[in-house]
Amino acid sequence: MSAALHAEGLNTFYGKSHILHDVGLTVEEGRITTLLGRNGAGKSTTLRSLVGLTPPRSGRVQIFGQETTGLPPYRIAQLGVGFVPEGRKIFANLTVEENLQVPIERPGPWTITRIYELFPRLLERRSNRGRQLSGGEQEMLSIARALLLNPKILILDEPSQGLAPLIVKDVFRIVAQMRTEGISVLLVEQNVRVALEIADDAYVLENGEIVYSGGAAELGADEERIQALAGASAEEWRLDEVLPT
Ligand SMILES: Nc1ncnc2c1ncn2[C@@H]1O[C@H](COP(=O)(O)OP(=O)(O)O)[C@@H](O)[C@H]1O
Ligand SMILES: [Mg+2]
């Protein structure tokens, strides 16, 4: 199996602050990989380093075998990298439909029609402006926009943040569905247990260093470690609460 994404030796700084220390990770093709860690561990910085928004000072990134180190974000997106940033950066003044017309077009199965099938709620709200949407609807719009790029890999930064359990369920259902669509996923999540249930592989970041890399199930069985990770999270649901059985 080849890697959808492979990074090694990433060192990323904000000014003089050295945030990531030799971070390396691999997202295997067709699998869900989760990146966990307490608040401030460097998860968002890792994702931003991978998609070119905060370029690392050293290290390298390969996406589907292509060297992407140093490429600007739009060039990385064109390779089929869908990024759903923290805090849902949608256009508040544009309607749902207009927001969906913004992404760079890449040919593939995802069209606005298919998006409305996956998210009926967005169809109902299509003439509403971004700022009139609930948090859950904004998250769906944010994911929808990334899907319209017809990504081969989808990178999500805390998609369930601030959402009610019922909506979290929808978000996780969609993430799990991506794997059956053949899309590789890199998921950053605060809902540690749920993330480990849907993921195949897992990494844990601590103070900008990878301290665990291995099976998601294996990590999920390590109750002590889970407690330490989940302790940082105000929102915590069990899988049976958010996924249909
Ligand atoms: N734009 C920034 N400028 C300076 N420091 C930052 C910036 N963004 C994040 N940081 C710092 O980098 C560290 C990692 O942050 P982040 O990657 O956002 O962590 P996480 O996503 O795991 O919560 C934190 O100490 C945070 O305060
Ligand atoms: Mg973050």
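# Questions at the model

Visitor: What makes strand E1 (residues 3-14) and strand E4 (residues 58-63) a pair?
Guide: Two strands pair if DSSP finds at least two bridges between them. E1 and E4 have five bridges, in the antiparallel sense, so they count as a pair. Within this stretch, Glu 8 stands opposite Arg 60 in E4.

Visitor: What kind of model is this, and how is it numbered?
Guide: It is a predicted model: local features need pLDDT of at least 70, side-chain atom pairs count only at pLDDT 80 or more, and totals for chains, interfaces and linings use all residues. Residues are numbered from 1 along each chain as its sequence is written, while chains are lettered from A and ligands numbered from 1 in the order in which they are written.

Visitor: How many helices and strands does the protein have, and what counts as one?
Guide: There are eleven helices and ten strands. Both are DSSP runs, numbered from the N terminus: helices are H or I with at least four residues, strands are E with at least two.

Visitor: Which strands are the edges of the four-stranded sheet?
Guide: The order is E2-E1-E4-E5, with antiparallel pairing. E2 and strand E5 (66-67) are the edges, as each pairs on one side only.

Visitor: And which are the edges in the sheet of six strands?
Guide: That open sheet runs E6-E7-E8-E3-E9-E10, with mixed pairing. Strand E6 (81-84) and strand E10 (209-215) each pair on one side only. E10 pairs with strand E9 (residues 201-206) over six antiparallel bridges. One of the bridge partnerships joins Leu 205 to Ile 210 in E10.

Visitor: Why is the protein called as compact as a globular protein of its length?
Guide: Its radius of gyration, taken over C-alpha atoms, is 17 Å. The globule rule is 2.2 Å times the number of residues to the power 0.38. For 245 residues it gives 18 Å, and 17 Å is close to that, so the protein is as compact as a globular protein of that length.

Visitor: Why is helix H1 (43-50) called mostly covered?
Guide: Seven of its eight residues are buried. Buried means 20 or more other C-beta atoms within 10 Å of a residue's own; exposed means 12 or fewer, and partly exposed is in between, with C-beta atoms placed from the backbone. The buried residues include Lys 43, Leu 47 and Leu 50. H1 lies across strand E3 (32-37), strand E7 (153-157), strand E8 (184-188) and E9.

Visitor: Is Arg 106 buried, exposed or partly exposed, and how do you know?
Guide: Arg 106 has 16 C-beta neighbours inside 10 Å, so it counts as partly exposed. It lies in the loop between helix H3 (96-101) and helix H4 (112-118).

Visitor: What does Arg 106 touch?
Guide: Gly 80, Leu 149 and Asn 150, not counting residues up to four places away in sequence. Contact means C-beta atoms, placed from the backbone, within 7 Å.

Visitor: What makes a residue part of the shell around ligand 1?
Guide: Its C-beta atom, placed from the backbone, must lie within 6 Å of the ligand. Tyr 14, Ser 17, Gly 37 and Lys 43 are among those around ligand 1. H1 gives the most to the shell, with three residues.

Key
Contact = placed C-beta atoms within 7 Å. Axes fitted to C-alpha atoms, helices over the stretch in contact; angles between N-to-C directions.
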